[in-house]
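Open the model in your viewer and keep the selection panel at hand. We will go stop by stop, selecting a piece and then looking at what is there.

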Amino acid sequence: MGKKILILKDIKKVYDDKVILDNFNLSINENEFVTFLGPSGCGKTTCLRIIAGFESMQQGSLLLDGREISNLPPHKRPINTVFQKYELFPNLNVFDNIAFGLRNNIYSNVYDIGALNLMKEYGIDEEERDLLNKKIQLIEKPNDVKKFLNTYFMERSKYFMAKEYLEAFDKEFKHLRYSDFKDRLDKVVNIDNQDASYQEYKEIVLKDISDNDIYYKMLIRLNSKGFKEAVIKEEVTKSLKLVNLEGYENRDVSSLSGGQMQRIAIARAIVNKPRILLLDEPLSALDLKLRKSMRLELKEMQRKLGITFIFVTHDQEEAMVMSDTVVVMNNGVIQQMGRPEEIYNQPVNKFVAGFIGEANMLEGVYSELRRCKFLDKEFKVSAHDFTVNDDIYVLIERNDIDITDIESAKLVGVIKNVNFDMGKYYVDVDVDGTNIKISSEEKLHVGDKIGLTFSAPNIYCESLNQTKAALLANYEDPNIFKGVYLGNQTVSFMGLVMKTYITTFLPGEVVDVVIRPEDFDLVLDNPDKAIIKGKVIKTVFTGVNFNIWVDVNGKTLLVQDYQNVEIGEIIGLSIDYYEIHLMKVEDEKQPDYIVKARVEARLNAIEEANK
């Protein structure tokens, strides 16, 4: 797991009495490409603007490297934004567009960047550079930054220390004879020229020190006439190289293509050396072909820069192609967060499944164990945590449906629409009045009758009312533990803190944690590296598998597995976050502030319904 660079904690944002973000919690790792994905109005752009400092919030904390930055103005946050519209200045050429922020006399951070570049050039270690950077981030005006840097370098300069010493020496010993001065100085520094005058002695001493004093050298360069423009030229050149537009410095922006304009907008943002780059749907104004090529370029830029990108989009394909982490949002709430392949293959609810994979979402009934009925047919399914006659959603990804001959098909339909994109045909099939979406490598034709088939593991089932009470239906001795929901999809129980897919509880709320015995995996080779470690206290063979009871921190877990272990053995256990289920606990068992929050939420809901 990477180092956390940015933490949004308990964020609340309200517009005109409408709650956009409420109790919003999110941690973002350093050097990751993170995408906020969701439909229009889900709160993703508002969240981005709060991070940038363009929006305030009613409550919550925004921490960068553990430091609160909510009160920092946008220009002092090491965070820059690329907007959907390029916002280039038509009267300035490419170089001056990129350099605009660095030349700004009110908000420029040219001295911040220049000083850190100097320190790196002269071999100052990273720790000192980082400490200085944190200090100058708190200074708003560029001239004040320059003054601070002058003082900082001067205090560490041996040249100025020696000069101050000699001046004090002159005052204290001005009554001494010239030969006495030379004798005293000879004890401090060895000078070969014995015939030098006292003044020459001092100049030789100071020259010798200044030649080896890196802080003195940095101070001279910082105050040189061309320092600011030299830094600007160097940084603009670096930025143009990163966006593959070297040699475009003198071009008029009106002569650029849409893709080139977008690159210039990105260069203008990265020239300020941000720790985090925010991108608010920056590709939406480009044509399809250019948009797809820019996706790969953005990912490569992020890799070269080695900084965190936070990208906002409603385009699922963009999120899947570019991201290290995808945050799926709806109605101001994080529905799921994880790697693209996790979210695509293991959606935690019907919204994520439908939004990410363009899944076919159908209503059905759980007819019997591992069977469900939809489209007037009965199918085998993997799900076994529902009760008979439960109403369910059935979700099948279009990529998981195969075309087969009509005789052996599970469903038969007529092709109503065919679209081609990126080497695949995306097809709508009418099955008895229901539209089923599929994809195919082979060309298909409107009007053709085809057969469709899919396997049981590819049929995802979810309760129609989204309750999880049926989890307990098939177990006499399930693992149910009291826990506390910590927020940000984490729960504490049995002395452990673990991730879960649940987002609907309040931080601090008491919950029942339910883990099905067969969802655990044994870790026998190196138990110390497992997320859970315990001692086997009992095993029983059921005729199909082994029931294994494991003591973990004084609590007992039931595990089911096809291999047995010895009583007394120390074993490790692993479990996927989407298999840690939480259930509601009655209000009378909750902390008072949780009960109060629930009551307020109910009253607000009633009030809204009566409007």
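Select the open sheet of five strands, ordered 25-29-26-27-28 with antiparallel pairing. Strands and helices here are DSSP runs numbered from the N terminus: E and at least two residues for strands, H or I and at least four residues for helices. Two strands pair if DSSP finds at least two bridges between them. This is a predicted model, where local features need pLDDT of at least 70 and side-chain atom pairs count only at pLDDT 80 or more, while totals for chains, interfaces and linings use all residues. Residues are numbered from 1 along each chain as its sequence is written, and side-chain values use heavy atoms, leaving out hydrogens and water.

Color the edges of this sheet. They are strand 25 (521–523) and strand 28 (555–561), each pairing on one side only. Neighbouring strands are turned by 45 degrees against each other on average, direction ignored. Such angles run from 0 to 180 degrees between N-to-C directions, and axes are lines fitted to C-alpha atoms, for helices over the stretch in contact.

Zoom in on strand 25 and strand 29 (residues 570–574). They run antiparallel and are joined by three bridges. Which residue of strand 29 is the bridge partner of L522? It is L573.

Next, select the other open sheet. Its six strands follow the order 6-7-8-3-9-10, and the pairing is mixed. Strand 6 and strand 10 (333–338) stand at the edges with a single partner strand each, so one side of each has no neighbour in the sheet. The twist averages 20 degrees from one strand to the next. Helix 11 (residues 258–270) packs on this sheet, touching strand 6 and strand 7; its direction makes about 170 degrees with that of strand 6.

Stay here and pick strand 7 (residues 276–280). Five of its five residues are buried, where buried means under 20% relative accessible area, exposed over 50%, and partly exposed in between (1.4 Å probe, protein chains only). I276, L278 and D280 point one way, L277 and L279 the other. In a regular strand the side chains alternate between the two faces of the sheet.

Look to both sides of strand 7. Four bridges tie it, parallel, to strand 6 (residues 79–82). Five bridges tie it, also parallel, to strand 8 (residues 308–313). L279 stands opposite V82 and also opposite F311 in strand 8. I276 stands opposite T308.

Now select L298. Leaving aside neighbours within four places in sequence, L298 is in contact (heavy atoms within 4.5 Å) with F33, I266, L279, L283, F309, F311 and M322. L298 and F153 have the most contacts inside the largest nonpolar core, which has 55 residues. Such a core is a set of buried Ala, Val, Leu, Ile, Met, Phe, Trp, Tyr and Cys residues joined through side-chain atoms within 4.5 Å. Helix 3 (residues 110–121) gives the largest share, seven residues. A second, separate core of 39 residues includes F493, L496, M498 and V536.

Show helix 3 with helix 9 (residues 214–222). They pack at about 145 degrees, their axes 10 Å apart. The contact uses Y111, L118, M119 and E121 of helix 3 and M218, R221 and L222 of helix 9.

Last stop: helix 1 (residues 44–52). Seven of its nine residues are buried, among them C47, L48 and I50. Just after helix 1, G53 takes a positive phi of about 100 degrees.
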